[in-house]
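Subject: Structure for you to look at

Hello,

Here is the structure I said I would pass on. Please open it beside this message and follow the residues as they come up.

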Amino acid sequence: MSDRLGFGAVEDRTMPAVVYGLYFLAFATGVTALIGLVIAYSARGSAGARTQTHYDFLIRTFWMGIGWAILGGCLLLFGIPLSIILVGIPLVLVGGLILSLLGVWFAIRLIVGVVYLARDEPYPRPHTWLA
């Protein structure tokens, strides 16, 4: 079945693994995800069909994560000063919840992606919101 879909050839999994690793390091540094994004964009064009699904998945994960991080960060940014007069407390709570759930979502997506990569399988749904 995999040959019929164009995934039969052996492909190098090193660079997608490096990008996954850089994304995982972003939990500690925050900056390595940008390096991983650049690598994913540059390697996607020359990748085989199987690894291209991983690059698409990683690129989409980055941009969705940035969008939610901006939303959660803005809520915190505006909510913290407003919490002095108690109006901003819901903003702080929602912003903190968004950022917390974002971290869990990001980790789950990366773990699922690494599992598919370790099995030498394409990522089945690279354009979905969930893992």
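Arg 50 has a relative accessible area of 7%, so Arg 50 counts as buried, the limit being under 20%. Please keep in mind that this is a predicted model.

The side chain of Arg 50 takes part in a salt bridge with Asp 120, where the closest N and O atoms are 3.5 Å apart. Arg 50 belongs to helix α3 and Asp 120 to the segment after α4, so this pair ties together parts that are 70 residues apart in sequence. Unlike buried Arg 50, Asp 120 is partly exposed, with a relative accessible area of 28%.

Which other residue meets Asp 120 in a salt bridge? The partner is Arg 13, and the N to O distance is 3.8 Å. This pair links distant parts of the chain: Arg 13 sits in the segment before α1 (14-25), Asp 120 in the segment after α4, and their positions lie 107 residues apart in the numbering. Arg 13 counts as partly exposed, at 33% relative accessibility. Taken together, Arg 13, Arg 50 and Asp 120 form a network of salt bridges.

How many salt bridges does the structure hold? There are three. One of them joins the side chains of Arg 44 and Asp 56, at 3.2 Å from N to O. Arg 44 is in helix α2 and Asp 56 in helix α3, so the pair ties together parts that are 12 residues apart in sequence. Is each partner buried or exposed? Asp 56 is buried, with a relative accessible area of 17%, while Arg 44 is partly exposed at 27%.

Next, the largest pocket. Rolling a probe the size of a water molecule over the atoms shows where empty space is left. The largest pocket holds about 230 Å³ of space. Its lining consists of Ala 26, Phe 27, Gly 30, Ala 33, Leu 34, Thr 61, Phe 62, Gly 65, Ile 66, Ala 69, Leu 102 and Phe 106. Two or more of the lining residues come from each of α2 (32-44), α3 (49-82) and α4 (89-118). Which element gives the largest share? Helix α3 does, with five residues. Sorted by class, the lining has nine nonpolar residues, three polar ones and no charged ones.

Leu 58 is also found in helix α3. Leu 58 is buried, with a relative accessible area of 0%. Leu 102, one of the residues that line the largest pocket, is 44 residues from Leu 58 along the chain, and their C-alpha atoms are separated by 15 Å.

Last, the surface. Which residues make a nonpolar surface patch of about 660 Å²? They are Leu 77, Phe 78, Leu 82, Ile 84, Ile 85 and Val 87. Val 87 lies in the loop between α3 and α4. With a relative accessible area of 52%, Val 87 counts as exposed, because the limit for that word is over 50%. Val 87 at 52% and Leu 58 at 0% are a useful pair to look at when you want to see what exposed and buried stand for.

Regards

Conventions:
Residues are numbered from 1 along each chain as its sequence is written. This is a predicted model: local features need pLDDT of at least 70, side-chain atom pairs count only at pLDDT 80 or more; totals for chains, interfaces and linings use all residues. Side-chain values use heavy atoms; hydrogens and water are left out. On a 1 Å grid over the protein atoms alone, a cavity is a set of points where a 1.4 Å probe fits but cannot get out, and a pocket is an open set with protein on both sides within 12 Å along at least five of seven lines; lining residues have an atom within 4 Å of a point. Grid points are joined across faces, edges and corners, and a volume is the space filled by probe spheres set on the points. Helices (H or I, at least four residues) and strands (E, at least two) are DSSP runs, numbered from the N terminus. Ala, Val, Leu, Ile, Met, Phe, Trp, Tyr, Cys and Pro count as nonpolar, Asp, Glu, Lys and Arg as charged, and the others, Gly among them, as polar. Patches are made of residues with over 30% relative accessible area and no salt bridge: like charges are joined within 9 Å, nonpolar side chains (Val, Leu, Ile, Met, Phe, Trp, Tyr) within 5 Å. Accessible areas come from the Shrake-Rupley method with a 1.4 Å probe; for residues, only the protein chains shown count as cover. A salt bridge is a side-chain nitrogen of Lys or Arg within 4 Å of a carboxyl oxygen of Asp or Glu. Buried means under 20% relative accessible area, exposed over 50%, partly exposed in between (1.4 Å probe, protein chains only).
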